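Here are some notes for a first reading of this model, arranged as numbered points. Please keep the structure open beside the text and find each residue as it comes up.

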Amino acid sequence: MHEPRHDWTLAEAEALYALPFPELLFRAQQVHRAWHDPAEVQMSTLLSIKTGACPEDCAYCPQSVRFETGLANEPLLPLETVLERARAARAAGATRFCMGAAWRSPKARDLDKVAAMVRGVRALGLETCVTLGMLSDSQARALKDAGLDYYNHNLDTSEEYYREIISTRRYQDRLDTLAAVRAAGLNVCCGGIIGMGESPRDRAQLLVTLARLPAHPESVPINQLVRVPGTPLADAAPVDPFDFIRTIAVARIMMPRAQVRLSAGREGMSDELQALALLAGANSIFYGEKLLTTGNPDVARDQALLARLGMRPEAAVPGHGA
Ligand code: SAM
Ligand code: DTB
Ligand code: SF4
């Protein structure tokens, strides 16, 4: 078992991506088995705690104020509503609860409220994750002090393609927030979206950027674009499912220790394609009938899928929470 590398090159990542499919999957499985139990899947449940009216213009996102997507905006949810949903997620078998807010960055008052949510969810024995947009160093430290486990902040694509997708912030802003999160001692959840019209090279470059960070993200969500009517990417060409699987396999090989999450886009995938993703090294899913604003397979379908594959959810983290 080799230690994770941080010196991956674009040429290496592209070469992995271009391997014959069986060879790529074989290598990904070797890495997966060296570092993880291949029968285990980590289950995270998402909740949108503040929905819509976001000032950013991310071309994929139904929550941007700039696109008419018919979404009902919702201000920050009350603490008790969040805790109710977290209890339900725990009862269904999730071990991590991820709270997302449609902000460019949180305001001080909001951050205090989110910190209270983090304390409450953690006390239920769940791992906590939040995604709130850009953070300063002190905001990241405040979340760490509240007991936050993970911060999600995706790079989404290559630096070069990023400017085609978002004009209201720079790639460097994303990297700065990731550095603040890491400096605060938080676990990093950072990945991207496949299917926005990016090239295989952009996919490889995204993974190289992630794998060259001083520490690899602990979680790497690989989302397939959910094409939401009203967004600029509503009619994006669908990706070849095998290219989606290739991206997962390359992520697994380059970031061996990470939880690679088969993320958005599962609702439209067959059980067989999802099984292929798990064979390619994915070992985590979003679990629960909703992502943030769009659909996800229901709990019964996911439980049946894992049972049919003889796989099982990751056990609750020992000693976590109350
Ligand atoms: N506003 C914060 C931010 O952008 O960091 C947090 C919430 S934002 C909705 C979190 C992530 O959801 C985005 O970075 C993107 O990767 C993902 N996402 C949003 N819309 C998506 C879609 N239509 N399909 C797939 N992933 C999507
Ligand atoms: C991530 O990588 N995917 C999640 C989570 N992190 C926050 C969000 C997916 C959102 C899909 C579109 C929606 O439901 O609004
Ligand atoms: Fe706002 Fe996040 Fe959606 Fe971009 S991805 S529009 S920042 S909620």
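1. A pocket, as the word is used here, is an open set of grid points with protein on both sides within 12 Å along at least five of seven lines, whereas a cavity is a set of points where a 1.4 Å probe fits but cannot get out. Please bear in mind throughout that this is a predicted model.

2. With that meaning in hand, the largest pocket has a volume of about 410 Å³. Its lining is made up of 25 residues, and those that lie nearest the centre of the pocket are Leu46, Leu47, Arg85, Glu289 and Lys290. Sorted by class, the lining of this largest pocket holds 15 nonpolar, five polar and five charged residues.

3. Which elements each supply at least two residues of the lining of the largest pocket? They are the strand β1, which covers 40–50, and α3. The largest share comes from β1, which contributes six residues to the lining.

4. Turning to enclosed spaces, the count is two cavities of 30 Å³ or more. The largest cavity holds about 870 Å³ of space, and it is lined by 43 residues, with Tyr60, Cys61, Gln63, Asn154 and Leu292 lying nearest its centre. Two or more lining residues come from each of the elements β2 (96–101), β3 (127–131) and β7 (219–224), and β2 gives the most, with four residues. By class, the lining of the largest cavity consists of 25 nonpolar, 12 polar and six charged residues.

5. The second largest cavity contains about 50 Å³ of space. The residues around it are Val41, Leu262, Arg266, Gln274, Leu278, Ile285, Asp302, Leu305 and Leu306. Here the elements that give two or more residues to the lining are α10 (271–279) and α11 (299–309), and α11 gives the most, with three residues. The class count for this second lining is six nonpolar, one polar and two charged residues.

6. The helix α3, already met at the largest pocket, also packs against another helix: α3 (residues 79–92) and α4 (residues 108–123) meet at an angle of about 30°, with their axes 10 Å apart. Because an angle under 35 degrees counts as roughly parallel, α3 is described as roughly parallel to α4. The crossing of these two helices, α3 and α4, is right-handed.

7. Which residues of α3 and α4 make the contact? From α3 come Leu79, Val82, Leu83 and Ala86, while α4 brings Ala116, Met117, Gly120 and Val121. In the contact of α3 with α4, seven residues are nonpolar, one is polar and none is charged.

8. A second helix pair is worth reading beside the one above. Helix α1 (residues 10–17) packs with helix α8 (residues 200–211) at an angle of about 125°, and the axes of the two are 9 Å apart, so α1 and α8 are oblique to each other. The crossing in which α1 passes α8 is right-handed.

9. The contact between these two helices is made by Leu10, Ala13, Glu14 and Tyr17 of α1, together with Pro200, Arg201, Arg203, Ala204, Gln205 and Val208 of α8. By class, the contact of α1 with α8 contains six nonpolar, one polar and three charged residues, whereas the contact of α3 with α4 has no charged residues.

Notes: Residues numbered from 1 in each chain as written. Chains lettered and ligands numbered in written order. Predicted model: local features only at pLDDT ≥ 70, side-chain atom pairs only at ≥ 80, totals over all residues. Heavy atoms only, no water. 1 Å grid on protein atoms, 1.4 Å probe; cavity = no way out; pocket = protein on both sides within 12 Å on 5 of 7 lines; lining within 4 Å. Points joined across faces, edges and corners; volume = space filled by probe spheres on them. Nonpolar A, V, L, I, M, F, W, Y, C, P; charged D, E, K, R; others polar. Axes fitted to C-alpha atoms, helices over the stretch in contact; angles between N-to-C directions. Parallel < 35°, antiparallel > 145°, perpendicular 65-115°, else oblique. Left-handed = near helix turned anticlockwise from the far one by under 90°. Contact = heavy atoms within 4.5 Å.
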